[in-house]
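Work through the exercises below with the sequence and the structure at hand. Try each task before reading its solution.

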Amino acid sequence: MKKILRSAATLGLVAILGTSLLAGVDRLTASRIAEQEKRVILEQLGQIIPDHYDNPLLQDRISFQDEQHFPNGQTVTAYRARQQEEPLAIVMKFQAVNGYNGNITLLAGINFDGSLRGVRVISHKETPGLGDGIETGKSDWILNFAGKTLQDPEPQKWAVRRDGGVFDQFTGATITPRAIVDAVFQALRFFESNREFLFEEPPEIAEGTAP
Amino acid sequence: MKIGQIFKDGLWQQNTGLVVLLGLCPLLAVSNTVVNALGLGLATTLTLVISNLSVSLARGLLRPEIRIPAYVMIIASVVTVIQLLMQAWFHDLYRVLGIFIPLIVTNCAIIGRAEAFASRNSPWPSAIDGLATGLGFCLALVALGAMREIIGRGTLMSQAGLMFGKLGESLELTLIPNHPGFLLAILPPGAFIALGLLIAGRNWLDAKRSGGKAQLAENTGKEPGMESPA
């Protein structure tokens with residue numbers, strides 16, 4: 001009995017020591033980690049957002065769900081860029097769910113007039129060498145979205161070439177580009193019918209940094 | 001035990017990746033480029049040094065029946081601390097390595113060294129053993145990463161900037177310009193093939209060096225350098 005209690009006490013001691021170590025390191029690093037995450041998001045947003053906005057981009061954000069345009073129960077985060085209270089553009093972070101290998105997380109920047117500023121891939125698990133041409137470092141494919149609208153190309157042309165659309169597919173990888181084209185098209189459609197909501201909705205109260 | 005012998009074991013005779021074959025999951029998954037391999041290898045080495053040191057310090061305190069849960073807690077704490085530190089100071093590298101940093105906890109090589117070495121030796125040799133084992137693992141990872149990166153992408157040290165900042169960017173080499181990419185080397189099957197070749201190469205070198213001894217080992221069905229389980 002005494003032996004068991006002693007063992008339990010030792011294990012408890014190890015647990016307490018480990019936990020206090022973690023708590024200490026967490027306190028030491030928390031602010032720096034938050035800063036780093038903020039930097040990463042700003043870098044990503046900076047690739048597609050105009051640089052003449054004057055509102056705090058990271059704080060002026062909303063998140064919402066919309067099963068019809070953004071399926072699988074995902075939560076979309078939208079960052080609004082404004083200049084002197086006038087809406088300039090919005091960047092939505094959402095997922096293309098029909099990738100070849102899991103979800104593809106995208107950032108799509110849409111101007112107030114409904115034209116695409118640009119699209120970037122944040123993370124994906126597509127096949128290296130085949131589907132990863134969606135990264136800016138690998139090919140320029142994703143840059144082709146800039147300037148596109150719901151009318152140009154017309155809706156039935158919002159597809160990869162194999163499906164009769166205007167977007168190139170990759171050799172050996174059609175599924176990846178198709179998933180992205182679809183998801184971006186749905187995002188544009190959502191923007192068209194919810195523009196007021198996207199820009200007028202009061203921002204959620206941001207504690208620290210964006211997710 | 002002599003320090004020289006500890007290093008010889010960790011780096012060559014008992015190399016975790018090439019002889020003992022522990023911790024193969026991260027070894028195969030993260031060895032697609034040299035920088036990824038080096039990042040995970042160094043993080044694992046640091047974990048091994050600290051966990052071996054802590055286990056050795058606590059070895060008088062831990063009764064046999066609770067030693068394994070205690071090791072797990074120690075290792076998990078150490079890995080989480082390293083994860084937080086990487087997140088704070090090597091954020092971009094951390095984002096590339098992703099889930100494989102927390103998964104260092106499950107690398108059996110670490111609990112293996114705690115059990116086989118640190119629980120029976122004093123702190124100083126234990127820390128050395130952690131360093132040697134970790135460097136051995138790191139070397140195997142980097143060798144594998146170099147093979148796969150050169151064959152698969154035609155580059156070496158690409159994305160070194162993630163680790164060494166501005167200085168690192170000058171380390172990035174393109175060995176084969178306009179390399180079309182060799183998919184097999186980048187994908188997991190290529191990792192298995194390259195690891196097989198590395199192990200064969202290591203065994204061949206061993207056999208060549210010890211000559212007659214290898215012959216003897218073959219007859220008794222015992223590999224040189226496989227004397228003790230880890």
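**Exercise 1. Helix α2 of chain A**

Find which strands the buried residues of α2(A) pack against, then check the span of the helix and locate its kink.

Solution. This is a predicted model.
- Step 1: the buried residues of α2(A) pack against β3 (86-96), β4 (104-111) and β5 (116-123) of chain A.
- Step 2: the buried residues in this helix include Ile180(A), Val181(A), Val184(A), Leu188(A), Phe190(A) and Phe191(A).
- Step 3: α2(A) has 26 residues, and at 1.5 Å a residue they should span 38 Å; the end C-alpha atoms are 36 Å apart, so the two values agree.
- Step 4: the helix nevertheless has a kink of about 85°, centred on Asn194(A).

**Exercise 2. Two residues of chain A**

Decide whether Pro202(A) is buried or exposed, and do the same for Gln47(A), with partly exposed as a further choice.

Solution.
- Step 1: Pro202(A) is in the segment after α2 (175-200) of chain A.
- Step 2: a residue counts as exposed if 12 or fewer other C-beta atoms lie within 10 Å of its own. Pro202(A) has 7 such neighbours inside 10 Å, so it counts as exposed.
- Step 3: Gln47(A) sits in the loop between α1 (2-46) and β1 (61-64) of chain A. Because 14 other C-beta atoms lie within 10 Å, Gln47(A) is partly exposed.
- Step 4: now look at distances. From Pro202(A) to Arg6(A) there are 196 residues in sequence and 57 Å in space, C-alpha to C-alpha. Gln47(A) and Arg120(A) are 73 residues apart along the chain, with 8.1 Å between their C-alpha atoms.
- Step 5: leaving aside neighbours within four places in sequence, Gln47(A) is in contact with Gly118(A) and Arg120(A).

**Exercise 3. Backbone angles in chain A**

State what is unusual in the backbone at Gln84(A), at Glu85(A) and at the bond from Asp152(A) to Pro153(A).

Solution.
- Step 1: most residues other than glycine have a negative phi, and most peptide bonds are trans.
- Step 2: Gln84(A) has a positive phi, near 45°, and Glu85(A) has a positive phi near 70°.
- Step 3: Gln84(A) lies in the loop between β2 (76-83) and β3 of chain A, and Glu85(A) is placed in the loop between β2 and β3 as well.
- Step 4: Gln84(A) counts as exposed because it has 8 C-beta neighbours inside 10 Å; Glu85(A) has 7 and so counts as exposed.
- Step 5: the peptide bond from Asp152(A) to Pro153(A) is cis, with omega near 0°. Pro153(A) belongs to the loop between β5 and α2 of chain A.

**Exercise 4. Cores, contact and confidence**

Name the residues with the most contacts inside the largest nonpolar core, and say how many residues each chain gives to the contact between them.

Solution.
- Step 1: the largest nonpolar core has 61 residues, and Ala43(B), Leu141(B) and Leu144(B) have the most contacts inside it.
- Step 2: another core lies apart from it, with 36 residues, including Ile49(A), Val184(A), Phe190(A) and Phe191(A).
- Step 3: beyond its neighbours within four places in sequence, Ala43(B) is in contact with Ile82(B), Met86(B), Ile101(B) and Ile104(B).
- Step 4: the contact takes 17 residues from chain A and 21 residues from chain B. On the chain A side these are nine nonpolar, six polar and two charged.
- Step 5: the predictor gives the complex an ipTM of 0.74 and a pTM of 0.78. The mean pLDDT of chain B is 85, with 91% of its residues at 70 or more; over residues 221-230 of chain B, however, the pLDDT is below 50.

Terms used:
Residues numbered from 1 in each chain as written. Chains lettered and ligands numbered in written order. Predicted model: local features only at pLDDT ≥ 70, side-chain atom pairs only at ≥ 80, totals over all residues. pLDDT = per-residue confidence, 0-100. Contact = placed C-beta atoms within 7 Å. Nonpolar A, V, L, I, M, F, W, Y, C, P; charged D, E, K, R; others polar. Helix = DSSP H or I, 4+ residues; strand = E, 2+ residues; numbered from the N terminus. Buried ≥ 20, exposed ≤ 12 C-beta atoms within 10 Å, placed from the backbone. Core = buried A, V, L, I, M, F, W, Y, C linked by C-beta atoms within 7 Å. Expected span 1.5 Å × (residues − 1). Bend = angle between axes of the 7 residues up to and from the residue.
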